[in-house]
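Me: Can you help me read this structure? I'd like to go through a few helices and residues.

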Amino acid sequence: MNAKKGAIITLTAGILWGFSGCCGQYIFENFDADPTYLTSYRMFSAGIILTIIGFIKSRDEMVAIWHNRGQVIRLFLFAWIGVMFNMLSYLSAIAYSNSGTATILQYIGPVLVMIYSCFAAHQLPKGKEVLAIVMAMLGTFILATHGNIHTMMLTPLGLTWGLLAAFALACYNIIPGDLIHIYGAIPITGYGMLIGGGTLFTLTRSWNAPMIYDPRCIAAFVAMVIVGTVLTFTMYLLGVKLIGPVKASLLACIEPVSAVVIMVIWLKESFQFLDFVGFMCIFVTVFLLTKKEEAADSAVDR
């Protein structure tokens, strides 16, 4: 019963992550919002909520991290590079392409993590890992050109931000190191969003951003923060607890599928056959790189 419940919860979290990306696209298409301002408000708001939850559930861990200087430095690097850069590049990729394409391109991140791991271990990629690299490159090429090197189907900014989102996702998984094992996912992610969001909010002076009071925009933004960040993150962690990190990480891969489906149905975005071929090439890399002995200890918060 717990396994079935955990699977349903994890699948729901992945679907809602895809929905969150579509909410971002909806805001960009209908209200001319700036991705930098939207990222700062989203991160800062979610960071406040998750930090409060962290102090309620894990007060000792929330306080303990500040007693270790080295871990504080790593926390700030995680907040700035792993979280802030991750969310900014992802929403920028959505703004310059669409939520489905941005989500798929971001899933090249696990390939970059694998390359980093091989480099750190001073070993060459294995056959399955080489295939994953080839599939990721092929999928990106198909999405960008539809097989014609003289034609770009994605805008240069859309492709660039999408690849940066993949790099940022890799940083999100690599930089924390053992922080999540020591202090827990909610404290580290909550602090990461709060610090990263606060930094971006201050640097961009987001309080000067033109406010959009349309109820539809406000509803989409609240959905991104509450449903697409706080709720999904909590649900994913519960899923990991019930069915284990490997199964949970695989089921959460429903995210790019849900992003594409919701985008087509809700936002009326059209896709060609070659787009789906490119999607599948990248999507299959996640399965190629997932091993039973590996644990996906941190969640991808879009």
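Me: Which residues are buried in H8?
Reply: This is a predicted model. In H8, the buried ones are Gly158, Leu159, Gly162, Ala165, Ala166, Ala168, Leu169, Ala170, Cys171 and Tyr172.

Me: What do the buried residues of H8 pack against?
Reply: They pack against H4, H5, H6 (109–120), H7 (127–145) and H10.

Me: And how far apart are the end C-alpha atoms of H8?
Reply: They are 27 Å apart. That agrees with the expected span, because 19 residues (156–174) at 1.5 Å a residue should also give 27 Å.

Me: OK, H10 came up. Where is Thr189 found?
Reply: Thr189 is in helix H10, which covers residues 185–203.

Me: Is Thr189 buried or exposed?
Reply: Buried, because its relative accessibility is 2% and the cut-off for buried is under 20%.

Me: What is Thr189 in contact with?
Reply: If you skip its neighbours within four places in sequence, Thr189 is in contact with Leu50, Phe78, Tyr172 and Phe233. Tyr172 is also one of the buried residues of H8.

Me: Switching to H4. What about Leu91, buried or exposed?
Reply: Leu91 is found in H4, and it counts as buried because its relative accessibility is 0%. Leaving aside neighbours within four places in sequence, its contacts are Phe28, Pro35, Leu38, Thr39, Arg42 and Met224.

Me: How far is Leu91 from His67 in space?
Reply: They are 34 Å apart, C-alpha to C-alpha, with their positions 24 residues apart in sequence counted as the separation.

Me: Which residues make the nonpolar surface patch?
Reply: Ile73, Leu77, Trp80 and Ile81 make a patch of about 340 Å². Ile73 lies in H4.

Me: Why does Ile73 count as partly exposed?
Reply: Because its relative accessible area is 46%, and partly exposed covers the range between 20% and 50%.

Me: Last topic, H13. Which residues are buried there?
Reply: Glu255, Pro256, Ser258, Ala259, Val260, Ile262 and Met263 are buried in H13. These buried residues pack against H1 (2–31), H4 (69–96), H5 (99–106) and H14 (273–289).

Me: How does the span of H13 compare with what it should be?
Reply: The 13 residues of H13 (254–266) should span 18 Å at 1.5 Å a residue, and the end C-alpha atoms are 17 Å apart, so the two agree.

Me: What phi does Lys268 take?
Reply: Lys268, just after H13, takes a positive phi of about 60°.

Note on methods:
Residues are numbered from 1 along each chain as its sequence is written. This is a predicted model: local features need pLDDT of at least 70, side-chain atom pairs count only at pLDDT 80 or more; totals for chains, interfaces and linings use all residues. Side-chain values use heavy atoms; hydrogens and water are left out. Helices (H or I, at least four residues) and strands (E, at least two) are DSSP runs, numbered from the N terminus. The expected span of a helix is 1.5 Å times one less than its number of residues. Buried means under 20% relative accessible area, exposed over 50%, partly exposed in between (1.4 Å probe, protein chains only). Contact means heavy atoms within 4.5 Å. Patches are made of residues with over 30% relative accessible area and no salt bridge: like charges are joined within 9 Å, nonpolar side chains (Val, Leu, Ile, Met, Phe, Trp, Tyr) within 5 Å. Accessible areas come from the Shrake-Rupley method with a 1.4 Å probe; for residues, only the protein chains shown count as cover. A salt bridge is a side-chain nitrogen of Lys or Arg within 4 Å of a carboxyl oxygen of Asp or Glu.
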